Amino acid sequence: MLNWFKKKDIDLAEYLNQTKKIVINGVIFNIKRISIEDHLAGLNVILKIRDTYQKEKPKPEKAIEDFKKQKKFMKDIIYAGVVKPQLTMKATEKSKIHVDEILKDISLAEPLTMAIIEFSYGKKK
C-alpha cells in the first residue's frame with residue numbers, strides 16, 4: 001500500500017558515481033563526491049587559518065600566505081569535484097576550462113568549494 005514512498009533501488013556503481021547539479025551565481029555545475037583522505041591535509045590548513053583569524057588579526061604577510069594556501073585547497077577541491085564543465089590544470093588544453101579561471105572569481109570559487117565539500121561529507125539523503 002505504501003510502496004510508492006519506497007526509494008528506487010540502484011546499482012552500487014550508480015550510487016558511487018552520483019552527481020548533483022548546482023547553480024552558483026547563475027553558473028551551472030555538475031559535481032561529484034570526493035575522497036576524504038585525498039583532501040584532509042588541505043582541510044586541516046583551512047581550519048587552522050580560521051582559528052587564527054578568530055583569535056587574532058594576523059600580519060599582512062601571514063594573511064597573504066594563508067590566502068595562497070586557501071586558494072590551493074580550493075583549486076584541488078574544485079578540480080576533483082567538478083564533473084561538468086570539464087576542467088583542466090594544463091594551460092595548453094583549450095577545449096577545457098582552466099581551474100584558475102574559476103579561482104579568479106572568489107565569489108564563485110568559495111561557494112563551489114563549499115558545495116562540493118557538503119555534497120561529499122554532508123548528510124546523505
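Mentor: Helices (H or I, at least four residues) and strands (E, at least two) are DSSP runs, numbered from the N terminus. The model is predicted: local features need pLDDT of at least 70, side-chain atom pairs count only at pLDDT 80 or more, and totals for chains, interfaces and linings use all residues. Residues are numbered from 1 along each chain as its sequence is written, and side-chain values use heavy atoms, with hydrogens and water left out.

Trainee: How many helices and strands are there in the chain?

Mentor: Five helices and five strands. Along the sequence they follow the pattern α-β-β-α-α-β-β-β-α-α.

Trainee: How should I read the strand order of the open sheet?

Mentor: Two strands pair if DSSP finds at least two bridges between them. In this model an open sheet of three strands runs in the order β1-β2-β3, with antiparallel pairing. The strands at its edges, β1 (19-24) and β3 (82-84), each pair on one side only. Between neighbouring strands the average turn is 45°, direction ignored. The angles refer to lines fitted to C-alpha atoms, for helices over the stretch in contact, and run from 0 to 180 degrees between N-to-C directions.

Trainee: Over how many bridges do β1 and β2 pair?

Mentor: Six, in the antiparallel sense, with β2 covering residues 27-32. As an example of the register, Thr 19 stands opposite Lys 32 in β2.

Trainee: Which helix packs on the sheet?

Mentor: Helix α5, residues 106-121, touches β1, β2 and β3, and its direction makes about 35° with that of β2. Touching here is contact, that is, heavy atoms within 4.5 Å. For the whole chain, 64% of the contacts with a separation of 6 or more are between residues 24 or more positions apart.

Trainee: What backbone values should I check one by one?

Mentor: Most residues other than glycine have a negative phi, and most peptide bonds are trans. Asn 25 departs from this with a positive phi of about 50°, although it is not a glycine. Asn 25 lies in the loop between β1 and β2, a hairpin with two residues between the strands. The peptide bond from Lys 84 to Pro 85 is cis, with omega near 5°. Pro 85 belongs to the loop between β3 and β4 (87-88).

Trainee: Is Asn 25 buried or exposed?

Mentor: The classes are buried under 20% relative accessible area, exposed over 50%, and partly exposed in between (1.4 Å probe, protein chains only). Asn 25 counts as exposed because its relative accessibility is 53%. Buried residues make up 25% of the 125 residues in the chain.

Trainee: How many salt bridges does a search of the whole structure find?

Mentor: Side chains of opposite charge can pair when their charged atoms come close. The criterion for a salt bridge is a side-chain nitrogen of Lys or Arg within 4 Å of a carboxyl oxygen of Asp or Glu. The search finds three. One of them joins Lys 72 and Asp 76 at 3.0 Å, N to O. Both residues lie in helix α3 (residues 60-81), four residues apart, about one turn of the helix. Lys 72 is exposed at 52%, while Asp 76 is partly exposed at 27%.

Trainee: Which salt bridge links distant parts of the chain?

Mentor: Lys 75 with Asp 100, whose closest N and O atoms are 3.2 Å apart. Lys 75 is in helix α3 and Asp 100 in helix α4 (residues 99-103), 25 residues apart. Each partner falls in the partly exposed class, Lys 75 at 22% and Asp 100 at 30%.

Trainee: What does Glu 101 pair with?

Mentor: With Lys 104, at 3.1 Å, N to O. Glu 101 is partly exposed at 44%, whereas Lys 104 is exposed at 65%.

Trainee: Which residues form the nonpolar patch on the surface?

Mentor: Patches are made of residues with over 30% relative accessible area and no salt bridge: like charges are joined within 9 Å, nonpolar side chains (Val, Leu, Ile, Met, Phe, Trp, Tyr) within 5 Å. Here Ile 10, Leu 12, Tyr 15 and Leu 16 form the patch, with about 410 Å² of accessible area together. Areas come from the Shrake-Rupley method with a 1.4 Å probe; for residues, only the protein chains shown count as cover. Ile 10 lies in the segment before α1 (12-16) and is partly exposed at 37%. The chain exposes about 9400 Å², and carbon and sulfur atoms supply 57% of it.
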